[in-house]
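Open the model in your viewer and switch to cartoon. The tour goes from helix to sheet to cavity.

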Amino acid sequence: MVTLAEVAQHAGVSASTVSYVLSGKRSISADTRQRVERSIAELGYHPNAGARALASSRSNIIALMIPLRTDMYMPVMMQIAIAVATTARAHGYDVLLLTGEEGPDAVRRVTGSGLAEAMIVMDVELHDERLPLLRSTDQPSVLIGLPADTSGLTCVDLDFTATGALCVEHLATFGHRDIAVVGEAPAVYERHTGFAERTLDGVHSRSRELGVRVLHRPCQGGYDAMSVTLARIFDERPATTGFVVQNESAVEPLLALLRQQGRAVPEDVSVVAICPDELATQASLRLTSVAIPAQEMGRRAVELLVAKLKGCDMDEVVLLPPELTVRASSGPARAGES
């Protein structure tokens, strides 16, 4: 392993000069800086991260709080995490993953240890217990998600309220008047997770405006749970002709069960999913869907955080507009069933 002293000898300067070039604490002439940087590149020198953090009070690490829950669709969470990691690396930061369900304790651990300079928080609830700590600390943070009160916070998310409204509008335009929402697992609503609650807000508000009846049923996902949920929906609302699915694990089971019941999609029943494009296009029937912009959310979160680290203190809420792509799973309601 190349040492700082070897870099200094190679560049023909003192070890302290190399240290000043790395830390930026003192002004160094352009010629000397170039010699030192050339020696660093040629020798392949990598400063010790711990020593550099102690010297500069910077770790160049961003903490990403991403609780791994069994009731969440992990491929989307991982897409966001990968986008955060690659964007952070492009800005010179590494990412520390915190995957436990520690809540406020995880925030205290990050702010108290100095291990990370800033944090990105995912799986945000409407009244998240982490928010008071995030508001009170000097350490920059960005939420991927939207709580009920965004004051003093920087957030980025898909506009899920508009997403729910857009799904209802699409089905209503085709004449569907009885719509069922197949939602996330019950625990997601019990925690009042922001994206799920906001989608329902959009669904209900737009359905009232358009005169559409809506039935919402959470679903654990998987074939058995979807079978029970679908039977319950048709038992309570036999005239249901439109489905909005916000549960990636329920998409394929729903399509299979509708086929088994002899309900053709979209001739008898229309289905609109809120899911990644890959899932919508690779399903057994290409699904009309609103995409989850996972990569964009991760990228924007890092860019907002880097701006805060550079001294931009303005809190901001960035809501990405939903985009609905019409595919093979939605069409006009049958005459007499609208």
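Select helix 14, residues 294-309. Helix 14 lies across strand 1, strand 3, strand 4, strand 5 (155-158) and strand 11, in contact meaning heavy atoms within 4.5 Å. It runs at about 165 degrees to strand 4; axes are lines fitted to C-alpha atoms, for helices over the stretch in contact, and angles run from 0 to 180 degrees between N-to-C directions. Helices (H or I, at least four residues) and strands (E, at least two) are DSSP runs, numbered from the N terminus.

This is a predicted model: local features need pLDDT of at least 70, side-chain atom pairs pLDDT 80 or more, while totals for chains, interfaces and linings use all residues. Residues are numbered from 1 along each chain, and side-chain values use heavy atoms, without hydrogens and water.

Now show the sheet. Its 6 strands form an open, parallel sheet, ordered 2-1-3-4-5-11; pairing takes at least two DSSP bridges. Strand 2 (94-98) and strand 11 (317-320) are the edges. Zoom in on Val121: Leu143 in strand 4 stands opposite.

Next, pick helix 5 (74-90). Helix 5 lies across strand 1 (61-65), strand 2, strand 3 and strand 4, at about 150 degrees to strand 2.

Finish at the largest cavity, of about 330 Å³. A cavity is a set of points on a 1 Å grid over the protein atoms alone where a 1.4 Å probe fits but cannot get out; lining residues have an atom within 4 Å of a point. The volume is the space filled by probe spheres set on the points, which are joined across faces, edges and corners. Select Met72, Val76, Met77, Phe160 and Phe195, the lining residues nearest its centre. Helix 5 gives the most to this lining, with 3 residues.

Notes:
On a 1 Å grid over the protein atoms alone, a cavity is a set of points where a 1.4 Å probe fits but cannot get out, and a pocket is an open set with protein on both sides within 12 Å along at least five of seven lines; lining residues have an atom within 4 Å of a point.
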